[in-house]
Amino acid sequence: IIEHRPNEYSVIAYLKQNSIVVRVGQRVTQGEVIAQCGNSGNSLEPSLHFHLQDSPIMNVAKGMKFYFEKATLIRNGTRESKQVYLPVMGERVSSE
């Protein structure tokens, strides 16, 4: 769990076991490696679970919307560049 500001926390899960390279309380910056993608969750292949929430406490937190600063939406084989984009369920998004 990463605190971005008061009442805004990101949760990153299904990481590769023993791959976390940051410590509790450490300040991290955009682009910094914090762990490796893995399948420690209920998945057969490496995957990543990410979401934003309003509390660091999972069982009381409420989810929040998050926007990609820059993304490429892939739909029916076509690529479309997006700025400040909120994906919808089922969309395929790439950083390229």
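**Figure 1. Ala-71 faces Lys-82 across the β5-β6 hairpin.** In this close-up of a predicted model, Ala-71 stands opposite Lys-82, a residue of β6. One step along the ladder, Lys-70 has Gln-83 of β6 as its bridge partner. Both pairs belong to the antiparallel pairing of β5, residues 68-75, with β6, which runs over 7 bridges. Follow the chain around the turn and you will find 2 residues between the two strands of this hairpin. Asn-76 sits in that turn, with a positive phi of about 50°.

**Figure 2. The three-stranded sheet holds β6, β5 and β7.** Here the view takes in the open sheet to which the hairpin of β5 and β6 belongs, with its 3 strands in the order β6-β5-β7 and antiparallel pairing. The edges are formed by β6 (78-85) and β7 (92-94), each of which pairs on one side only. On average, neighbouring strands of this sheet are turned by 40° against each other, with direction ignored. As you trace β5 in this view, look again for the 7 bridges that tie β5 to β6.

**Figure 3. The four-stranded sheet runs from β1 to β4.** A second open sheet brings together 4 strands in the order β1-β2-β3-β4, again with antiparallel pairing. At its edges stand β1 (2-5) and β4, and because each has a single partner strand, one side of each is left without a neighbour in the sheet. Three pairings can be picked out in this view. The first joins β1 and β2 over 3 bridges, the next joins β2 and β3 over 5 bridges, and the last joins β3 to β4 (residues 63-64) through 2 bridges.

**Figure 4. The β1-β2 hairpin turns at Asn-7.** Zooming in on the start of the four-stranded sheet, we meet the hairpin of β1 and β2, with 2 residues between the strands. Asn-7 takes a positive phi near 65° in this hairpin. Ile-2 makes a handy landmark, as this residue stands opposite Ser-10 in β2. The two strands run antiparallel to each other, paired over 3 bridges.

**Figure 5. Bridge partners link β2, β3 and β4.** Start this view at Ile-12, whose bridge partner in β3 is Phe-50. This pair lies within the antiparallel pairing of β2 with β3, which counts 5 bridges. Then move on to Leu-52, which has Met-64 of β4 as its bridge partner. The strands β3 and β4 also run antiparallel, and 2 bridges join them.

**Figure 6. Gly-31 and Arg-23 are found in the loop between β2 and β3.** The loop in this view connects β2 (8-13) with β3 (49-53), and Gly-31 is one of its residues. Is Gly-31 buried or exposed? Gly-31 has a relative accessible area of 77%; because the cut-off for exposed is over 50%, Gly-31 counts as exposed. Arg-23 lies in the loop as well, and at 62% relative accessibility Arg-23 is also exposed. Two C-alpha to C-alpha distances help you find your way around. Gly-31 and Asn-18 are 13 residues apart in sequence and 20 Å apart in space, while Arg-23 and Ile-34 are 11 residues apart in sequence and 9.2 Å apart in space.

**Figure 7. The whole chain puts the close-ups in context.** Stepping back, the protein has 0 helices and 7 strands, following the pattern β-β-β-β-β-β-β along the sequence. Along the principal axes, its C-alpha atoms fill a box of roughly 40 × 30 × 25 Å. Of its 96 residues, 18% count as buried. The exposed surface comes to about 7,900 Å², with 51% of it supplied by carbon and sulfur atoms. Among contacts between residues at least 6 apart in sequence, 31% join residues at least 24 apart. As for charge, there are 11 positive and 9 negative side chains, and the centres of these two sets lie 1 Å apart.

How values were computed:
Residues are numbered from 1 along each chain as its sequence is written. This is a predicted model: local features need pLDDT of at least 70, side-chain atom pairs count only at pLDDT 80 or more; totals for chains, interfaces and linings use all residues. Side-chain values use heavy atoms; hydrogens and water are left out. Buried means under 20% relative accessible area, exposed over 50%, partly exposed in between (1.4 Å probe, protein chains only). Contact means heavy atoms within 4.5 Å. Accessible areas come from the Shrake-Rupley method with a 1.4 Å probe; for residues, only the protein chains shown count as cover. Lys and Arg count as positive and Asp and Glu as negative; His and the chain ends are not counted. The place of a charge is taken as NZ of Lys, CZ of Arg, CG of Asp or CD of Glu. Two strands pair if DSSP finds at least two bridges between them. Axes are lines fitted to C-alpha atoms, for helices over the stretch in contact, and angles run from 0 to 180 degrees between N-to-C directions.
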